[in-house]
Amino acid sequence: MALLSGLQTSLSGMKVAQSQLELIGRNVANVDTEGYTRKTMAQKNVVLAGQNAGVALGNITRTVDEGLLRSFLSANNAYGTANGKSQYLNKTETLLGTPEGDDSISASVADLQAAFNTFSTDVTSATGRYNLLNAANTVTSRLNYLSQEIQKLRGDADMSIKEDVDQINNLLDELKTLNDKIVKYQVLGYDGVADLQDQRDSALRDLSGLIDINYFTRENGEMVIQTKNGVTLLDRDAHHLSHSSIAQASATSSYAGGGITGIYVDGVDITNQIAGGEIQGLIEIRDVTLPSLQSQLDELAGVLKTQINNIHNQGTAYPNTPSNLTGTRSFIDPNAQNIRIENGDVRFIIFDSEGNQVATTNLNGGLGFTEGSIADMTQRINDWLQSPNGANLPQASASFDDDGHLVIDTGDSEYSVAIMDEVSSTIGSEQGSVSISFDANGDGTYDRSAEGFSSFFGLNDFFVSNTNEAIYDSKVVSKGMNLGLKNVVTLNFSDTSHGLNYGAINIYPNDSLQTIVDKINNDPVLNENLQAALVPNGNGYVLRIVNSSGEQLEITESVAPGGQGGVIEKLGLAPSNAAVSSSISVREELQTTPALIANGSPQYDVASSEYKLNQASNTIANEMVKVFTETQSFGQSGTLSAMSTTLSNYASTFVGNIATETNEASKALAYQQELTSSISTKEAQISGVDMDEELSQLIVYQQSYAACAQMFTASKEILDMLLGMVK
């Protein structure tokens, strides 16, 4: 019996040694295979009926440090976030240039300032006017291009999100397949479970770079994967993500406003629950970083446009004084919308081709208009232009075009018209902007105010954009802002297509900003044309209301008798600069005829008691230079808080911020890359195949095999000898 037992023991030892040698061979063959972990098999004694029956092998196991694996997944997730941000920030920095670079927007603004300064020193120079026009076109073209490219980058980021979603779904399918095989192999006792687990870990690593994950493994070997916020991605079945990328992003399209679709799992939007990975970095770029930069460009363009236009509207050109002035402000119903002129008077002067006064009057002192409908005011100007006792220009007119713009036309190129504000109705009074109150919805209450008659109507704008006042933004407020209302306030909405007061919502004392948004979006009348949203902006939110048709929008409020309003004032709800940078340009007439650029304003000659034009007058040109040298007020835009600074410094500020953010993102990316590499190295030391260790084990099992073989041979020889003796 001892001899038979020896044979059994030696034979089992040979088989075990052979299997160990085969496993060592697999380890050595996969020494450079990515994701492969060292495999080992434990040995155990086999005892039958209390007697030693040799040795047997246990299951193949992996050498894995679970703590290191989780550390790698966390680091890789942070690397994915940094990578998603860094690649787009680098593109943005390249797009903007450096603050001190000649190709940056701040440099273009500085060049425009220099061109205005040169123009002011010699307004008679045709070269100076052309250089000014070229510099202005460079700035506007640069703003248009930057806005277009920023939105293209947002669209690209959204497309990358869609690609990540598809990749995540593929990995989840792969993980589900591996899960099923691992469970099956373990139940049936098949070999290969450890290799399948290696493949699953590899897929898990790839997944961690795309989205934040937590996981655990059930007793049957099945892995369950969730996001850190508890959204299930894999639990027996894969829970696929879905996202439809936007065809074309714009300055007003946002995820918060519904213009960009969310990322869904099982019909639930999880966009705001994603806490890491490349997809989270891309969301931040798409919804925070680039919109912040866009709003800063829009703020720059809006302030530049408004301030230059305010000055340019105070002057005129000579000898190319215009015979036609067409406004840029659209009026919905001039017959119902009212205007009130205060703190001065508005003077109209007709000049001949030599710059001599032909006729003059003013709104209050001459035409008797201080307050009334815009149509009434326009009719009085029209009557004066045509009257023999007025300008005596039968062919002249004051009217509104099809877009609701005020048009004042002498009807004869030999006669030109100039408009300027004066501090009183007395002829020859000092020039100074009048105050204008505007009843936007014709209810008898003045809703808005402005400075300067020509500026309010946009009769001599330098810069224009193809956006009417179709977008209203509040100031930056907290999402849970308390409006502090004591009674019901009604917001009334008017636009070009629907007329005045075509829709309204009631705001109650306990209504939140989100309630206001929902009331607008759910109103069957309003939601045909309007879209409201709370758009993230810096450390708060902006209530944005957009007329989707791009028409002139008027938002007014009304309260019951004895009640208190103030919702619009508390919110700071007003026409927005949003999207101005995408369409700002120099007015077409100025591009065609640079000689129409205003350089001065009519001067009163005491001796002749008339107004005259002077070709060398540079009063307006000097004032336009001050727009660049003096500080301007900029509202909060994204990461930039409200500030007072020069136009060029403001541009340098946000260009510098992007450079800083790009540098920080690059550092974060390099750190996370080094960290993941360090963890991978440590994992390789523990879990990887060490050739020296494998070779030493190879020698051990070769010797073990040889010893067992010798024992087997010796036992067999003795047994053969005994059998021979018996025979």
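1. In this note, helices and strands are DSSP runs numbered from the N terminus, a helix having at least four residues and a strand at least two. On that basis Gly442 falls in the loop that joins strand 18 (435–439) to strand 19 (448–451). The model under review is predicted.

2. Gly442 has a relative accessible area of 33% and is therefore classed as partly exposed. Apart from residues up to four places away in sequence, Gly442 touches Ala336 and Leu500. A further spatial relation concerns Asp333: its C-alpha atom and that of Gly442 are separated by 8.4 Å, although the two residues are 109 residues apart along the chain.

3. A second loop glycine may be read alongside. Gly484 is placed in the loop between strand 21 (471–473) and strand 22 (489–495). Its relative accessible area is 41%, so Gly484 is partly exposed. The C-alpha atoms of Gly484 and Lys570 are separated by 9.0 Å, with their positions 86 residues apart along the chain.

4. As to the overall architecture, the protein contains 15 helices and 32 strands. Of its 727 residues, 49% are buried. Contacts between residues at least 6 apart in sequence join residues at least 24 apart in 68% of cases.

5. The largest nonpolar core comprises 88 residues, and within it Leu112, Ile225 and Phe654 touch the most other members. Helix 4 (residues 126–188) supplies the largest share of this core, with 16 residues. A second, separate core has 32 residues, among them Phe331, Phe348, Leu385 and Ile436. As general background, nonpolar side chains in soluble globular proteins tend to be buried together.

6. The surroundings of Phe654 can be listed in full. Once neighbours within four places in sequence are set aside, Phe654 is in contact with Ile105, Leu293, Gln296, Leu297, Leu300 and Leu640.

7. Helix 3 (residues 105–121) contains Ser108. The relative accessibility of Ser108 is 8%, and because residues under 20% are classed as buried, Ser108 counts as buried. Its contacts, leaving out neighbours within four places in sequence, are Thr138, Val139 and Arg142.

8. The aromatic rings form 14 pairs in total. One of these joins Phe116 and Phe462 in a tilted arrangement, with 5.7 Å from centre to centre and 50° between the planes. Phe116 belongs to helix 3, whereas Phe462 lies in the loop between helix 8 (453–457) and strand 20 (463–464), so this pair ties together parts that are 346 residues apart in sequence. Phe116 and Phe462 are both buried.

9. Phe116 takes part in another tilted pair, with Phe628, at 5.4 Å centre to centre and 35° between the planes. This pair links helix 3, through Phe116, to helix 13 (residues 619–629), through Phe628, across 512 residues of the chain. Phe628 is buried, as is Phe116.

10. Ring pairs also link Phe331, Phe348, Phe400, Phe438, Phe453, Phe456 and Phe457 into a cluster. Phe331 and Phe348 are likewise listed among the residues of the second core.

11. Enclosed space is the next topic. Rolling a probe the size of a water molecule over the atoms shows where empty space is left. There are 2 cavities of 30 Å³ or more. The largest cavity has a volume of about 60 Å³, and the second largest holds about 40 Å³ of space.

12. The lining of the largest cavity consists of Asn313, Gly315, Thr316, Pro322, Leu325, Val417, Ala418, Ile419, Ser454 and Asn460. Strand 17 (residues 416–422) gives the largest share of this lining, with 3 residues. By class the lining has 5 nonpolar residues, 5 polar residues and no charged residues.

13. Around the second largest cavity are Thr316, Ala317, Tyr318, Asn599, Gly600, Ser601, Leu613, Asn614 and Ser617. This lining has 3 nonpolar and 6 polar residues, and no charged residues. Thr316 appears in the linings of both the largest cavity and the second largest cavity.

Note on methods
Residues are numbered from 1 along each chain as its sequence is written. This is a predicted model: local features need pLDDT of at least 70, side-chain atom pairs count only at pLDDT 80 or more; totals for chains, interfaces and linings use all residues. Side-chain values use heavy atoms; hydrogens and water are left out. On a 1 Å grid over the protein atoms alone, a cavity is a set of points where a 1.4 Å probe fits but cannot get out, and a pocket is an open set with protein on both sides within 12 Å along at least five of seven lines; lining residues have an atom within 4 Å of a point. Grid points are joined across faces, edges and corners, and a volume is the space filled by probe spheres set on the points. Ala, Val, Leu, Ile, Met, Phe, Trp, Tyr, Cys and Pro count as nonpolar, Asp, Glu, Lys and Arg as charged, and the others, Gly among them, as polar. A nonpolar core is a set of buried Ala, Val, Leu, Ile, Met, Phe, Trp, Tyr and Cys residues joined through side-chain atoms within 4.5 Å. Buried means under 20% relative accessible area, exposed over 50%, partly exposed in between (1.4 Å probe, protein chains only). Contact means heavy atoms within 4.5 Å. Rings of Phe, Tyr and Trp (its six-membered ring) pair if their centres lie within 6.5 Å; planes under 30 degrees apart count as stacked, over 60 as edge-to-face and the rest as tilted.
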